[in-house]
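Work through the exercises below with the sequence and the model open. Each task is followed by a solution in steps.

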Amino acid sequence: MTNTYDPITLEIIQNSVQATADEMFGAMRRAAMSAIIYEVLDMGTGITDRQGEIAGSGAGIPAFVGVLDKTVKKIIAKFDQPGDIEPGDVFLTNDPYNGGVTHLNDMVLTMPVFATADSGLAGGDGEPEIVAWTANIAHWNDVGGMVPGSMSPNATEIFQEGMIMPGVKLISRGEPMRAVFDILAANCRMPDFLTGDLWAGIASVRVGERRLLEIVEKYGKDVFLYAMEAYMDHGEQVSLGAIRNIPNGTYSLEEEQDSGQIYTVTIEITDDEFIVDLTGNPDQDPGPFNMSADEAVVSCQMAFKNVTSADMIANGGTFRPLKVLLKEGTVFNPTYPAAMAIYYEIGVRLHDLILRCLAPYMTETVPAGNFSSVCGTLFGGIHPDTGRSYAVIEPELGGWGGSSQRDGNAGQFCAFHGETYNCPAEVAEARYGVTVDHLSFHNEDGGAGLYRGGNGVRIDYRIRSDNAWLTAAYTRDAVPPWGLEGGKNGSGNHIVIRRANGESERHAVIGMETLNTDDVIQVMTATGAGWGDPMERDKKQVKEDLKNGYITQEQAERDYGLS
């Protein structure tokens, strides 16, 4: 492509597109009704070019941004007849088999942006055509299904996980499709929250449309389209340059999972390709521990970005050198109607599998294993103060692995949930029927190293009413985070239920467990693994760790040789 436009103008347009995605994110956050969106930021916003390639993204969950381009492409393919897509339309999907990518709780909204050849603004002279798409995704607390919260480790088919919206028109030429709104509300246990979050999503894509049209009007449609294309080409060149700094070769890893299954990956790196072969993996799970083929690609994209150009741009061109090989009917590409509610734990397992495969060959770049689980904790019941139903899903904080240069971070979200926040105890207590008794780092065994793993987190939720419920599905429990260069493995992710009568139980996976007043859900997330021989750690730093409560006296003596 020959550059015939001012490069400064192109740069301004590219940054304006990014600013638009950020504004979409802010609009959605401010308007949403559910704390999982406005506090935790369990959402993502983005802009694609007219073909559906990602061109700009807001903050929020990195794994969500990778969904949006795939959704737009499915909408374009489905609505392929003249008049199917018109100015003012908004489309909705949550179906992993039809552009939803993740699971039914995650609703994706997308809107075409039309502009004319002459004025740049839709409605001016000339025939309007699509120049871009705006899109967002957010987790909704409940979308129906067999259990409150819509996510059950006992589901065996997607129909049990809630209502399925397989890419439908929600708004036509600016007018709401009332029947669709009614269907959504009628299939949710918390219709007021659903409706509020839905309109927040609509506001977000409309803000994006308005800002993009302003850019097109200012610079012209042809310049805008050229800038989008040039940005994609730049993204590809950045990735190619980064790949050429990684030694060519073929790398393989087999890793046992908590379930006893063996996941496997083979990575081939050449000067211009990064090929991830997942064809040798187990058959799809009979329950919800599966992920769609599109989501498997998202996991690979995130790992690819981590080890190539983590601090550079990410757009559709960035991932052109990445090739992902999948086999239908496996856990990473299940056949319909496999359940997928716990897809995120399989996605984070795949991401971690790729990093672990490359870590021995990139010891200066890839850190030791982290807690590597979303640790999605769902609980709910009847609020003791309001008498209304409540349903909560909280991703939890955990410890990251040490690296060749520093200790791992303590109390951060996993890679899939980067740029999100934990829900403050005050908000949880006000909005949910619980009391937060305890919130701190813990010092369970694990993570010793020259550079130690970051500490995991303990959170105690005390239930305040009878007949409440708990659902959770954690990984990295039986198989802990992995150490590097002589560092020790981390601890495991798990939950302890402490009953009001003094009994206690430990779980990593549990579905719709009944809880009553004064029962406590004690979340224990993993400490990251260590990097390097712990006996080589500076003893002054060991004493400082002991003083701060990061390790115990026993650990200091046993793991670090502190006398």
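**Exercise 1.** Find the bridge partner of Ile275 in β11 and place the two strands in their sheet.

Solution. Step 1: Ile275 has Lys323 as its bridge partner in β11. Strands are DSSP runs of E with at least two residues, helices are runs of H or I with at least four, and both are numbered from the N terminus. The model is predicted, so local features need pLDDT of at least 70 and side-chain atom pairs count only at pLDDT 80 or more, while totals for chains, interfaces and linings use all residues. Residues are numbered from 1 along each chain as its sequence is written, and side-chain values use heavy atoms, with hydrogens and water left out.

Step 2: β10 (residues 274-277) and β11 run parallel and are joined by four bridges; two strands pair if DSSP finds at least two bridges between them.

Step 3: The open sheet has four strands in the order β8-β9-β10-β11, with mixed pairing. β8 (249-256) and β11 (322-325) are the edge strands, each with a single partner strand, so one side of each lacks a neighbour in the sheet.

Step 4: α8 packs on this sheet and touches β8, β9 (262-269) and β10, contact meaning heavy atoms within 4.5 Å. The direction of α8 makes about 50 degrees with that of β9. Angles run from 0 to 180 degrees between N-to-C directions, and axes are lines fitted to C-alpha atoms, for helices over the stretch in contact.

**Exercise 2.** At what angle do α7 and α8 pack, and which residues meet?

Solution. Step 1: α7 (residues 293-307) and α8 (residues 343-358) pack at about 35 degrees, and their axes are 9 Å apart.

Step 2: Residues of α7 in the contact include Ser299, Cys300 and Ala303; those of α8 include Gly347, Leu350 and Ile354.

**Exercise 3.** How many disulfides does the structure hold, and is Cys357 buried or exposed?

Solution. Step 1: There are zero disulfides, a disulfide being a pair of cysteine sulfur atoms within 2.5 Å.

Step 2: For Cys357, the nearest cysteine sulfur belongs to Cys300, 11 Å away. Cys357 is buried at 3% relative accessible area (buried is under 20%, exposed over 50%, partly exposed in between; 1.4 Å probe, protein chains only).

**Exercise 4.** Which residue of β13 stands opposite Phe379?

Solution. Step 1: Val392 stands opposite Phe379. β12 (residues 377-382) and β13 pair antiparallel over six bridges.

Step 2: Six residues separate the two strands of this hairpin, and Gly387 in the turn has a positive phi of about 75 degrees.
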